[in-house]
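Got the viewer open? Here is a short tour, one selection at a time.

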Amino acid sequence: MKLNHRRFDAVIVGGGGAGLRAALELARSEFKVAVLSKVFPTRSHTVSAQGGITAALANVDEDHWHWHMYDTVKGSDYLGDQDAIEFMCRNAAAVVYELEHMGLPFSRLPDGRIYQRPFGGQSKHYGGEQAVRTCAAADRTGHALLHTLYQQNIAARTQFFDEFFALDLLRDDEGYILGVVALEIATGEVWVFEARATLLATGGAGRVYRHSTNALINSGDGLGMVLRAGLPLEDMEFWQFHPTGIPEVGVLMTEGCRGEGGYLINRAGERFMARYAPHALDLASRDVVARAIAQEIAAGRGCGPHGDHVLLKLDHLGAQVIQERLPGIRELAIRFAGVDPVHAPVPVTPTVHYMMGGIPTNLHAQVVVPERYGPEEPVPGLYAAGECACVSVHGANRLGGNSLLDLLVFGRAAGQHMREYLHDNPYPRPLPKSAAEPALERLTRWERDRGDERVAPLRAEMQQIVQTHCGVYRHAEGLHQGLARLSEVEARLERARIDDRSRVFNTARIEALELENLLAIARATLVSAAARTESRGAHAREDYPARDDDRWLRHTLYYREGDRLDYKPVRLQPLTVEPFQPKERVY
C-alpha cells in the first residue's frame, strides 16, 4: 500500500479546544504544526459545550481561586490530584482573559465586564454560599471558544488536515513517539505524519454508552491508539451522568439552566432536591443530582407515561431571560422534546456526558506511565490534553464549567512544554521501516469480503451492554455479566465485514475502526469498575455504598494485555498551599 509522507515539528490529533490551544502556542513560536481532525475543526465536540468556563474573576461577587480549588477537590470526591487542581484554578483567570483579548464574545454585565453565572458545586468560603463563577457566552460558550481559537490558528498559519482519521502511533524501539499514521477520509489514502512531538487531543468516548450527550464522533480514538501502543488508561470506571439530558435523544440541557434559576420537580410537582442536597439543592454536584433523579424514578415519582424522567422547570424565569441567557436551550427543547420552556417544564433524565478518566498525564500534559523510576515517567514525545487526558483534575466527578477550563489550561501547558521539548530535541529520530505496519494491518483487515456480522448491530449491542451493566448504579454481578457479554461481542467482531470496500469517503470503514476503539474502552470501563469495591463520585456501587479511603484513595491504571490493572497514588500535596484532607462530601 502506497504511503504519503509528511514531516512536521509537531503533530496534533484533534481539532477541538485543547488541540487548537496547543497548536496556537506552537504556531506562534514559528514551529511547523499539523492539526489532524476527522471533522472540520469547528465541528469538533467542544462546539457543543453550553454553560461556560469556570474562573474566579469575581466580576459578580467576591471570589478567590483557592475557593475554586476547594470546590474542585471536593467535587472530585478527593480523587483529584491537588497539585494539578491548584495549577488549573490558579491559571483560570489568565486563560479566560487571553480568550477575551483574542475576541471571544462573552456575555457582558452592564458595566462591560464578563458575565458569570452560578454553577453546581461552586461555593464561597470553602463550602459556604453559592459562588457565581462560570464565565459564559449565553449558552453557546463552546461554540464561541472553538471559532475564536480556529480563527487565531488560521492567522498563525497552523496547517490543518481536515477529515483525516488517525489510526495508530508511530514508535521506535526505545519507546519514543515519532508521529501518527492517518487515513485521509476523502481519498482513502494512508499518510505517515512524522513529528518530534505528538499531542493527542481526540476528546471523549461517550458513544460507548447508548444514551449520551456526546456527538457521534466521540469514539475515543486517541484512547484506542494508546492502548494498542501498550500504554495504560487511568480511572476508566468514572463516567459522569449529566442530570439533565432529554430522554432517548440524549441532547443536553446545560447546567446553566439551573444556574439561571431553573429547578427540578417530580411527578407530584415537588422540588425534590431538598431531600438529597439540603444546602445546595439543584446546584449540588452533578453526580449527586444524577443519583437523586435516579432514586426519584426508582421510587415511582418519575414523570410521563412510563415514569422514566423528571421535569426541569424554567417557565418562571420569563421569556426575556430565557431568550437572552438560554436561547440555544429553548431551540433544543422545542426541537427534541417538543416543549417550549417559556411555557412548560422540559423532560430530563441522567445521560452519559463526560469521561473523567483517560490517558494519564502530568501538569505539562506529558503522557506518563509507571516505569523503572516511579509511577509517572514521561513517554518521550507524547502528550495528551482535553477530555481524552486524565491529569487528574476531575478525579471521580467533574464540576460543571471545569471541562472547558481543563482543555484551555492544559492545552496551553502542552503547547508550552512541547515548545521546550522541540528546542531540546532539534533533530528528528530515524523512523523504523516497520513503524506503520500495525496500522496498515488494521486497514487490511476490513478489506476481506467474508463474514456474517455487521458493524452497526455490534456497536448497538456494545452500547446497550455498557448502559445496562455500568450505569448510574453498578453492582458486581451486573458488571461481570456485562464483561461476559462484551467478550462475546468482541469475538463476533472478528467475523464482521463491511460491504463498502471503496476508497473514497468510505464511512463504513471509519465506523468499523471507531468500533475497535470503543470496544477496547468499554472493556477498560467494565474491568476497572468491577475492581473498585467502593462508591466514590460518579462510581456508585450498590453492593459497596461507602467510600473507602483506606483502600481506594488511588488511581486505577488499565492495560489492554490480559486486562491487567495497576494502581498509583493520588497526589494529595498541592504546589504552594496546604492540602485539603478527605472528609465526608455533602451538599
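Start with Lys 74, and show whatever surrounds it. Leaving aside residues up to four places away in sequence, Lys 74 touches Arg 585, Val 586 and Tyr 587. Keep in mind as you click around that this is a predicted model. Colour helix α2, residues 65-75, and you'll see that Lys 74 sits in it. Now look for a charged partner: Lys 74 is buried, yet has no salt bridge. The nearest side chain of opposite charge belongs to Asp 71, 6.2 Å away, and a salt bridge needs the side-chain nitrogen within 4 Å of a carboxyl oxygen.

Next, zoom out to the whole chain. You should be able to count 15 helices and 22 strands. The radius of gyration is 23 Å, close to the 25 Å that the globule rule gives for 587 residues, so the chain is as compact as a globular protein of that length. Along the principal axes, the C-alpha atoms fill a box of roughly 65 × 55 × 50 Å. Switch on a surface and remember that 64% of the 587 residues count as buried. As for contacts between residues at least 6 apart in sequence, 75% of them join residues at least 24 apart.

Now select helix α1, residues 17-27. How many of its residues are buried? Eleven of eleven, so the helix is mostly covered under the 20% cut-off for relative accessible area. Among the buried ones are Arg 21 and Glu 25, along with Leu 20, Leu 24 and Leu 26.

On to the nonpolar interior. The largest nonpolar core has 85 residues, and those touching the most other members are Val 11, Leu 36, Phe 193, Leu 200, Trp 239 and Ile 359. Light up helix α14, residues 507-531, which gives the most to this core, with 14 residues. Then centre on Leu 200: beyond its sequence neighbours up to four places away, its contacts include Val 13, Leu 169, Met 225, Ile 359 and Cys 388. There is also a second, separate core of 61 residues, which includes Cys 135, Phe 160, Ala 197 and Leu 408.

Last stop: the cysteines. How many disulfides are there? The count is zero. Select Cys 89 and find the nearest cysteine sulfur: it is that of Cys 135, 13 Å away. Try it from the other end, and the nearest one to Cys 135 is that of Cys 89. Cys 89 counts as buried because its relative accessibility is 2%, and Cys 135 counts as buried at 0%.

Conventions: Residues numbered from 1 in each chain as written. Predicted model: local features only at pLDDT ≥ 70, side-chain atom pairs only at ≥ 80, totals over all residues. Heavy atoms only, no water. Disulfide = S-S within 2.5 Å. Buried < 20%, exposed > 50% of the residue type's maximum accessible area, 1.4 Å probe, protein only. Helix = DSSP H or I, 4+ residues; strand = E, 2+ residues; numbered from the N terminus. Lys, Arg positive; Asp, Glu negative; His and termini not counted. Contact = heavy atoms within 4.5 Å. Core = buried A, V, L, I, M, F, W, Y, C linked by side-chain atoms within 4.5 Å. Rg over C-alpha atoms; globule rule 2.2 N^0.38 Å.
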